[in-house]
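Colleague: Please take a close look at one part of this model for me: the surroundings of the ligand. Which residues and elements form them, and what contacts do they make?

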Amino acid sequence: MSRCCGASSTISVMDGDGSQQSSRLHIQDGNPRNKTALAPGHSLMDWIRLGSSNVDLTGVGGVHQVVTLTELAKHNKRNDAWLAVRGKNPESPKIFSDWKQTTNTITFIYKVTDDKFFPNYQLIRENNNEFRIKINQINGVINHEYDLIDGVNWPPKWKKNYDTMEIDFCFTKLIGKIWKFYGSRTIGSQIKSTERNYRQWQIVCNTMLCDNINLLVLKSKDYMEIMRIGRHVEVKMNVMGTEVSRYYTPVPSSIHPDDEAPGYKPDCLCLIVKRYNDGALSPSITALQQGQYVTLSNELGTFAIESFDQCSIIHLLSAGTGLTPMLGVIQWALCRRNITTINLINFNRNEKNIFYQQQLDKISADERLNVVHILSEPDDSWVGRRGKVSDVLLNELIGRAIKHSCIFTCGPIAFMTVAREALVKLGWTTSQLHEFDG
Ligand SMILES: Cc1cc2nc3c(=O)[nH]c(=O)nc-3n(C[C@H](O)[C@H](O)[C@H](O)COP(=O)(O)OP(=O)(O)OC[C@H]3O[C@@H](n4cnc5c(N)ncnc54)[C@H](O)[C@@H]3O)c2cc1C
């Protein structure tokens, strides 16, 4: 595996005036030809001597100055060049980035170094050589615009590591050969906007999971978004001349490697939608055919799973499609070494309404995960548990509050109310509970 040894490509400088700015720095990292030869008769020793002399090399008399990105970008001439070395923006966490390659692939690695919260990543393709990675953090947005020396295939495969906080985007090269360097990258930053962005997403596959619940795999042209656990999107459709919109929670493409969603590629998004026959939107979404389009917003919401990363025991109470946010939580929890118990209590009306039962059974091979299905109106053949959420049931299955434990709930309003009251009676505090809407 060949690897670039050029300068670190992380640049973050004071974004001082707080104005909406999209200042840009252009760098050619990883390019050995960027080096300027020393004048004849000079060697590295001259640099070392000069550096340890008392000559003011800072150009600012040694006085610390705050430099905005806009200011820095102005000094880009041959005789007036400023360089940000380990510049710091106190507002947003540092992002470390690196790259590596094999003959056939090139991988860009991103890692948050001083924050426990995973950012949202959006990737936008321009053409075979050019693409942009937009990193959405709590306080701001960083843009990395890549111009590669050769073409790559779209979409890249991506892999998140919740322990190391890394994400890798691995592209396959159009022509398999080792590159001397990857090309150039322009870095920009902007203030985080609360505006929603909408895109057209095409249905790749729409399959029935059970009686009235469908799994939709969607794809948007030249775009992918790595959404965070427990966040949701707004789905908009024109239903009989009226625009209707509702929220849905993207789910992982699989919770067991054998059961990947049909037609899924790394740039796809998966939704699980329950059809309410008298509903304004769900009958239209669940009826979408392969190739048809629907409008989706970018990721919405504020839930941060990392706020619960000190918990070693996680209880999940879901009813119906309330299971959707839990699937991401289960995947996250199984990746975390400090989590000893994941206790999923999944409520449904009857056996026909349970979805992902087989996948859940398969991942229960990991003995940290315990899954209990509870039906309120089962057939006679049902040998599992029966009933509805109640204090007696939660006392038996969850018990009284203990330290380093948390409970997530999601389901219809009535279910959430009963669950909340029962858990409070059992001594669970609000900081230990999180209720997902939906
Ligand atoms: C943040 C968030 C995330 C969500 N994620 C998902 C998801 O991943 N999958 C999903 O299927 N839904 C999800 N929902 C619910 C979704 O937004 C819609 O409310 C649902 O699809 C019904 O929309 P509708 O227009 O078809 O029905 P509406 O026209 O809104 O309602 C019509 C009738 O449907 C019934 N109904 C609607 N919602 C419910 C409900 N939750 N429980 C019981 N009965 C109901 C009621 O009888 C209601 O009178 C989420 C909601 C929120 C707020």
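Modeller: What follows goes from the ligand shell outward to the chain, with a stop at one loop residue. Keep in mind that this is a predicted model.

Start with the shell. It counts 20 residues around the ligand. Those that come nearest are Y247, Y248, I272, L281 and S282. By character, the shell splits into nine nonpolar, seven polar and four charged residues.

Now the polar atoms. L281, one of the nearest residues, uses its backbone: a polar atom there is 2.8 Å from an oxygen atom of the ligand. T324 also faces a ligand oxygen atom, but through its side chain, with a polar atom at 3.2 Å. Y276 faces a nitrogen atom of the ligand instead. The distance from a polar side-chain atom of Y276 is 3.3 Å.

How much of the ligand does the protein cover? On its own, the ligand has 930 Å² of accessible area, and the protein covers 71% of that.

Which elements supply the shell? Three of them give two or more residues each: strands β16 (242-248) and β18 (268-274), and helix α3 (282-286). Y247 and Y248 fall within the bounds of β16 (242-248). I272 falls within those of β18 (268-274). S282 sits at the start of α3 (282-286).

At the domain level, the shell draws on two parts of the chain. Domain 2 (198-297) and domain 3 (305-435) each contribute at least three residues.

Next, the loop residue. N129 lies in the loop that joins β6 (120-125) to β7 (130-136). Is N129 buried or exposed? Neither label fits: N129 is partly exposed, because its relative accessible area is 24%, and buried would require under 20%, exposed over 50%. Its contacts reach along the chain. Leaving out residues up to four places away in sequence, N129 touches Y146, D147, L148, I149, D150 and G151. V152 is 23 residues from N129 along the chain, yet their C-alpha atoms are separated by 6.4 Å.

Last, the whole chain. It holds seven helices and 25 strands. Of its 438 residues, 48% are buried. Consider contacts between residues at least 6 apart in sequence: 70% of them join residues at least 24 apart. The accessible surface comes to about 22,900 Å², and carbon and sulfur atoms account for 50% of it.

Definitions and conventions. Residues are numbered from 1 along each chain as its sequence is written. This is a predicted model: local features need pLDDT of at least 70, side-chain atom pairs count only at pLDDT 80 or more; totals for chains, interfaces and linings use all residues. Side-chain values use heavy atoms; hydrogens and water are left out. A residue is near a molecule or strand if one of its heavy atoms lies within 4 Å of it. A polar contact is a pair of N or O atoms within 3.5 Å; within protein, one must be able to donate a hydrogen and the other to accept it, and residues adjacent in sequence count only if both atoms are side-chain atoms. Accessible areas come from the Shrake-Rupley method with a 1.4 Å probe; for residues, only the protein chains shown count as cover. Helices (H or I, at least four residues) and strands (E, at least two) are DSSP runs, numbered from the N terminus. Ala, Val, Leu, Ile, Met, Phe, Trp, Tyr, Cys and Pro count as nonpolar, Asp, Glu, Lys and Arg as charged, and the others, Gly among them, as polar. Domain bounds come from an automatic or database domain assignment. Buried means under 20% relative accessible area, exposed over 50%, partly exposed in between (1.4 Å probe, protein chains only). Contact means heavy atoms within 4.5 Å.
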